[in-house]
Structures are given as structure tokens and as C-alpha cells.
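User: I'm a first-year student and I'd like a close look at one part of this structure. Please pick a spot, go through it slowly, and then walk me outwards from there into the rest of the chain.

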Amino acid sequence: MSGPQRAETLRLQEIRKASMVLKAVSSHSTERGGRGPLPHGSIYVVTMTGQDTLNLRDEGHQTAGAPSTLTRR
């Protein structure tokens, strides 16, 4: 069973050598009829793993269905 689909607004918290740390500062449902804001505060680490590839990992709970790797086409 997956959780609610949501969109988060992220704020840059920290820049490391090959990665960035982002924190969700707001979150809302993207489902039709969704109700108000959802819990936020998730921390995400985005790391450059190749010239065209980013790895996304969170420090907490990953939103169901969220990708762990982003590749430029």
C-alpha cells in the first residue's frame, strides 16, 4: 500500500563535494481531493554519480514511488 502522492518544496541545506542536502520545507497532496498540507521535514541527499546521473536518497522515509536515480536523456 503506498502513501499519498505529494509535492514538496525543497530548501538547500548544505553543499558537499559531490552532493547537496535538501530539506522539505512544505508538502501538499497532488491527489484530486487531497486535504491540506502534509507532514514535511524530509531530508534528501542528491549526489552526482556520473556525468549525466544523480542519485537521490533520503534520510528518513522515501515517498512511495519516488525515483532513487535521475538520468539526463
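Analyst: Arginine 16 is partly exposed, because its relative accessibility is 36%, and partly exposed is the band between 20% and 50%. What does arginine 16 form a salt bridge with? The partner is glutamate 14, and the closest N and O atoms of the two are 3.2 Å apart. That pair passes the test because the cut-off for a salt bridge is 4 Å. The idea behind it is simple: side chains of opposite charge can pair when their charged atoms come close. Glutamate 14 also counts as partly exposed, since its relative accessibility is 37%. By this rule, the count for the model comes to one salt bridge.

Before going further, keep in mind that this is a predicted model. The mean pLDDT of the protein is 75, and 63% of its residues reach 70 or more. Where pLDDT is low, the predicted coordinates should not be read in detail. Among the elements, strand β3 has the highest mean pLDDT, at 88, and β5 the lowest, at 77.

Now let's step out from glutamate 14. One residue that touches it is serine 19, whose contacts also include Val45, Val46 and Thr47, leaving aside residues up to four places away in sequence. Is serine 19 buried or exposed? Serine 19 is buried, because its relative accessible area is just 12%, and the limit for buried is under 20%. You'll find serine 19 in strand β2, which covers residues 19-29.

Let's stay around here and look at the surface. Leu12, Ile15 and Met20 make a nonpolar patch, with about 280 Å² of accessible area together. Leucine 12, one member of that patch, belongs to strand β1, residues 6-15. Leucine 12 is partly exposed, because its relative accessible area is 44%.

Follow β2 and you also come to valine 25. Its C-alpha sits 5.7 Å from that of threonine 9, even though the two are 16 residues apart along the chain. Valine 25 counts as partly exposed, since its relative accessibility is 33%. A handy thing to remember as you look at strands: in a regular one, the side chains alternate between the two faces of the sheet.

Next, the strands further on. Strand β3 takes in residues 43-50, and it pairs with β4 in the antiparallel sense over six bridges. How many residues lie between β3 and β4 in their hairpin? Two residues do. Glycine 50 stands opposite threonine 53 in β4. Threonine 53 also stands opposite threonine 71 in β5. That fits with β4 and β5, residues 69-71, being joined by three bridges and running antiparallel.

Aspartate 58 is another spot worth a look in β4, which spans residues 53-58. Aspartate 58 is buried, because its relative accessible area is 15%. It touches Ile43 and Tyr44, again not counting residues up to four places away in sequence. Aspartate 58 and leucine 22 are 36 residues apart in sequence, yet their C-alpha atoms are 9.2 Å apart in space.

Finally, zoom right out. The protein has five strands and zero helices, so to speak a plain β-β-β-β-β when you read along the sequence. Of its 73 residues, 22% are buried; serine 19 and aspartate 58 are among them. For contacts between residues at least 6 apart in sequence, 27% join residues at least 24 apart. The accessible surface comes to about 5500 Å², and 53% of that belongs to carbon and sulfur atoms.

Terms used:
Residues numbered from 1 in each chain as written. Predicted model: local features only at pLDDT ≥ 70, side-chain atom pairs only at ≥ 80, totals over all residues. Heavy atoms only, no water. Helix = DSSP H or I, 4+ residues; strand = E, 2+ residues; numbered from the N terminus. Buried < 20%, exposed > 50% of the residue type's maximum accessible area, 1.4 Å probe, protein only. Contact = heavy atoms within 4.5 Å. Areas by Shrake-Rupley, 256 points an atom, 1.4 Å probe, with all protein chains shown as cover. Patch = residues over 30% accessible without salt bridge, like charges linked within 9 Å, V, L, I, M, F, W, Y side chains within 5 Å. Salt bridge = Lys/Arg side-chain N within 4 Å of Asp/Glu carboxyl O. Pairing = 2+ DSSP bridges. pLDDT = per-residue confidence, 0-100.
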